[in-house]
Amino acid sequence: MEKRRILFGMILAAVIACLTGCSGKTKDGNEKIKDIEFTVLGEENVPEELKQIIEEKKEKEFKVTYQDGDFLYICIGYGKQETGGYSITVNEMYLTANAIYVDTNLIGPDPENRELYHAQEKDGASYPYVVLKMQYLDKSVVFD
């Protein structure tokens, strides 16, 4: 009977330690709370002032946030590329206690179609960027 009590106590202690140790909370507040809903905007839906900012920065890589009323716009540009045909994926966008985290990736054109894309552009270059629109949150944005 005593062995069972000791075994039960050890199991209970292990479960409590695991639950408190695996709670997902850290001192620095960088643990994901939830995914953030967002919309990827086409150029025609981007606010005019933001379009001007993008135009000024498009030659080089850029990361810009812009607030307009109840909305936050997060813009990520990858600078001048030699051809067209690029796309951008949003891998993650989530909220932590301290910030909004955004992770994107530039995907190059299919090598077989690279010459086709090159011929379609005036000077062969493109300036890929993405604009993400979300409800405004009073948090800093961290670009991964």
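**A mixed sheet and a pocket**

In this predicted model, Val102 has Phe143 in S8 as its bridge partner. That contact belongs to the pairing of strand S6 (residues 99-107) with S8, which is parallel and spans 4 bridges.

The wider setting is an open sheet of 4 strands, arranged in the order S1-S5-S6-S8 with mixed pairing. Strand S1 (34-35) and strand S8 (140-143) take the edge positions; each has a single partner strand, so one side of each is left without a neighbour in the sheet. As a reminder, strands of a sheet pair through backbone hydrogen bonds, in either a parallel or an antiparallel sense.

The antiparallel sense appears in the pairing of S5 with S6, where 8 bridges join the two strands. Here Leu95 stands opposite Ile100 in S6, and 3 residues lie between S5 and S6 in the hairpin that they form. S1 and S5 are also antiparallel, with 2 bridges, and Asp35 is found opposite Tyr94 in S5.

Attention now turns to the pocket. The largest pocket holds about 390 Å³ of space. Its lining is made up of 17 residues, among which Glu43, Ile54, Tyr127, Pro128 and Tyr129 are the closest to the centre. Helix H2 (48-57), strand S5 (87-95) and strand S7 (129-135) are the elements that each give two or more residues to this lining. Strand S5 therefore has a part in both stories, as a lining element of the largest pocket and as a strand of the open sheet. By residue class, the lining of the largest pocket comprises 11 nonpolar, 2 polar and 4 charged residues.

Methods:
Residues numbered from 1 in each chain as written. Predicted model: local features only at pLDDT ≥ 70, side-chain atom pairs only at ≥ 80, totals over all residues. Heavy atoms only, no water. 1 Å grid on protein atoms, 1.4 Å probe; cavity = no way out; pocket = protein on both sides within 12 Å on 5 of 7 lines; lining within 4 Å. Points joined across faces, edges and corners; volume = space filled by probe spheres on them. Nonpolar A, V, L, I, M, F, W, Y, C, P; charged D, E, K, R; others polar. Pairing = 2+ DSSP bridges.
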